[in-house]
Amino acid sequence: MIPELGHFMLSLALSVACVQAVVPLIGAIRGHSNWIALATPTARIQFFLLLAAFIILTHAFLTNDFSVAYVAQNSNTALPLAYRLSAVWGAHEGSLLLWVLILSGWTYAVTIFDEGLPPRFSALVISVLGAVSIGFLSFMLFTSNPFNRLIPAVADGGDLNPLLQDPGLIIHPPILYLGYVGSSVAFAFAIAALIQGRITAQAARWIRPWAIATWIFLTLGIALGSWWAYYELGWGGWWFWDPVENASFMPWLLGTALIHSLAVTEKRGAFKNWTVLLALATFALSLLGTFLVRSGVLTSVHAFATDPGRGIFILALLGTVIGGSLILYAWRGPSTFAGGNYEPISREVFLLLNSSLLAVATATVLLGTLYPLALEALGLGKISVGPPYFNVVFSAVMLPLIAILGIGQFSRWKSDSPQRLVQRLAYPFSAAVAATAIMMIMLGGQKVIAAGVGIGFAMWVIATTLFGIRERCHGRRHPWFIIFNLPRAFVGQCIAHIGFACTIIGVVVTSFYSIDEHQRLAPGDSAEIGGYEFLFVGLRTYTGPNYQSTEGNFELRRDGRFITTLKPEKRLYHVRNMPMTEAGIAPGFTRDLYVSLGEPLEGNAWSVRMHFKPFVRWIWLGALLMACGGFIAMFDTRLRSPKAVRTVAIIKASNVDP
Amino acid sequence: MTPKRKKRLVTAALILTGGTVAAALILTAFEKNLMYFYSPSAVIAGEAPTGRKFRVGGLVVNGSVKRIPRSLTVEFTISDTVHEVTVEYEGILPDLFREGQGIVAHGKSRSDGIFEASEVLAKHDENYMPPEVASALAAAKSNTTPERSQ
């Protein structure tokens, strides 16, 4: 009975979404204020209906209600409680429910924080979000209902995919989804702006924190996914250019371009066209990501069902969104968004260059991801694009981007002179060269020119950022005190850029200096990797809640000094009869040591994989810093509602130095 | 031409050149890194390239997995039910590698006909069959004359 209630909630939510999409839209166009007023309550009701549905599904998992097909396929009485909860979004139907719940959550947030917007505009935004919700709710109800019954019920369920039985995977999907779905707010904003035919500075200011919040979640979600792949897949890789990873990476790249272009639109009134296009494209790529991941086009741990009906439905949805928004853009865009004047050498132009480079990077990833799929769909053969393509092309686009990032941070708005820039940039340039030389010496080992170039570019970002802060504080009476009074947007920008540099350092050093060894080891044997000694002490077996494990015991030493014990495991999950590798990792700020068990060989020996991974943590540390920077920038006083801004302005005016 | 127009023309020309060069570089890198898939039948028929990496996939033949003692080298045979290819791989096989399972290997063909794999993939699920392998099996079944799978 309770699952039917959940189904009913979903149907109700769909009908409410229809009202939310249609009535405020007509109201905003015709100017009926009581029609506009329906936007907020419908959006909120929809949220509570979906929340109820979600709670009902969770309840079915908690009570092991195997008469619900989705629960029967993805849970088991032996599954630990935490994984029973995360199993709610562990497969297709449930993750879709999470998708729409998060969408309505974002919409709810829009209804709370829309004070700064004209009511017509915010009604348009909410109505577009309602339309998106209609698309996904009908997809769920017509092709993938999580509440479908399984008659007769089974005694015990099919268990959650063991790869997903991991703490990192409890939070990875919701966070990534918050990012994917969050891009719908910027999308709705762009559509509303196109319908109205203009973007006011106030509206551009309003959308900035939303775009940044979306970007933060995407950053964290991708970093979590990469971290999970690193320790859970058991072979030490942190990025595979797998289509599923690319699917989340593309909206991130465009989202990065969007927050930068948006800053120009808001501050200088320029690039309105470009900003709108980026907002549309970011959301389109988020949808494409959902399509790629969920439709079964790609076979991976993320693709749950290969039901062609689902794929076609999402493809149609994608076509409607992309086609519709491009037509609207072609129709309304060029005539309405002009403005902004700036010289060829100015911060505007540097930002434009970099957001274009990000778009080019997105295009190269898109080509490598979609081309094999398109060929296969057309029956022209099966190909795959190897990681070398992505590595080469992506670095080629990133290098000019990083160079320009440094220059851009130092340039002035509107117009700047090349002489001034060269003069100013001489210091950070020398500092970056010196820092690179020091780092290369400290890394030791074989010197690789490519590694030096990569580290050099990262140092360039750090140096220009630090000198930029110095320039901001220069000539003030209390320079160190001023640092704490810098605008938050600027502080956030600096932290995020330094985070970006950390990620580059992590990627470059790990790629060039890692050691990866496969060896045959019997108990008592030891191996030396990167100056560390791995001693294989022995094995033991134990029984977990839903698996049987063989656990290795490795002692790690350096120069004869004991460091730690590593316990890699080989697990066999009962229900799906699926083996899993759990790596043993000794994490560190400047290096990770990693060991995982391969297979038992003749005698008592095992094939063992051992890695020395210098600076690998910096990849995720950098992502964390980027997210922190975004978080700080989001709360810049200038981006608050107009009321708050006005008070701040008054306070500032009364405190002005003579 | 007015100065403004001239500036625009120069900008447009610059963007066009930059775009062309970038596109050319990207497509070259792309072409270099494409890897085609061949079924064992196609490999036996000599359709697969020599000296270039490609992918081959099929079912691991029961009883064909041999380990070279005191090393990590493994030799096994994969089949599309009509023809077989012997694969040699040095390293750790994926968790889901087992006899009877569909797998895909990346690597090069040696002159002695053995496929030297640099990577062996067996994905995610015990019931899962790589789509390439599935269609190679279907092609082999429907067609007794060896043909490259589509």
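These are my notebook entries on a predicted model with chains A and B.

**Entry: where the chains meet**

I began with the contact between the two chains. I found 33 residues from chain A and 28 residues from chain B in it. On the side of chain B that touches chain A, I looked for the elements that supply at least two residues each. They are α1 (3-32), β1 (34-38) and α3 (131-142) of chain B. Which of them gives the most? It is α1(B), with five residues. I then sorted the residues on this side of chain B by character. I got 16 nonpolar, seven charged and five polar.

**Entry: a strand pair across the chains**

Next I followed β1(B) into the other chain. Its partner there is strand β1 of chain A, residues 383-385. The two pair in the antiparallel sense, over three bridges. I picked one position to look at in detail. B:M35 in β1(B) has A:S384 opposite.

**Entry: domains of chain B**

I checked how chain B is divided. Domain 1 covers 1-33 and domain 2 covers 37-142. Their C-alpha centres lie 44 Å apart.

**Entry: helices α1 and α7 of chain A**

I turned to helix packing in chain A. Two packed helices are described by the angle between their axes and the distance between the axes. I took α1 (residues 2-30) and α7 (residues 119-143) of chain A to begin with. Their axes are 7 Å apart, and the packing angle is about 150°. An angle over 145 degrees counts as roughly antiparallel, so α1(A) is roughly antiparallel to α7(A). The crossing of α1(A) past α7(A) is left-handed. In this contact I noted 17 nonpolar residues, seven polar and one charged.

**Entry: helices α16 and α18 of chain A**

I looked up a second helix pair, α16 (residues 449-473) and α18 (residues 488-513) of chain A. What is the angle at which they cross? It is roughly 165°, and the axes come within 9 Å. That angle makes α16(A) roughly antiparallel to α18(A). Here the crossing is left-handed. From α16(A), the contact residues include A:A450, A:G454, A:F457, A:V461 and A:R472. From α18(A), they include A:F490, A:H497, A:A501, A:I505 and A:F512. By character, the residues of this contact are 17 nonpolar, four polar and one charged.

**Entry: a four-strand sheet in chain A**

I traced an open sheet of four strands in chain A. The order is β2-β11-β10-β9, with antiparallel pairing. Which strands stand at the edges? They are β2 (515-521) and β9 (584-586) of chain A. Each has a single partner strand, so one side of each has no neighbour in the sheet. Neighbouring strands of this sheet are turned by 15° against each other on average, direction ignored. I then checked the β9(A) edge. Its bridges to β10 (residues 591-600) of chain A number three, and the two strands run antiparallel. A:G584 has A:V595 in β10(A) as its bridge partner.

**Entry: backbone oddments in chain A**

Last, I went through two loop positions. The peptide bond from A:I151 to A:P152 is cis, with omega near 0°. A:P152 sits in the loop between α7 and α8 (167-196) of chain A. Where is A:F271? I found A:F271 in the loop between α10 (243-268) and α11 (272-294) of chain A. Phi of A:F271 is near 60°, a positive value in a residue other than glycine.

How values were computed: Residues numbered from 1 in each chain as written. Chains lettered and ligands numbered in written order. Predicted model: local features only at pLDDT ≥ 70, side-chain atom pairs only at ≥ 80, totals over all residues. Contact = placed C-beta atoms within 7 Å. Nonpolar A, V, L, I, M, F, W, Y, C, P; charged D, E, K, R; others polar. Pairing = 2+ DSSP bridges. Axes fitted to C-alpha atoms, helices over the stretch in contact; angles between N-to-C directions. Parallel < 35°, antiparallel > 145°, perpendicular 65-115°, else oblique. Left-handed = near helix turned anticlockwise from the far one by under 90°. Domains from an automatic or database assignment.
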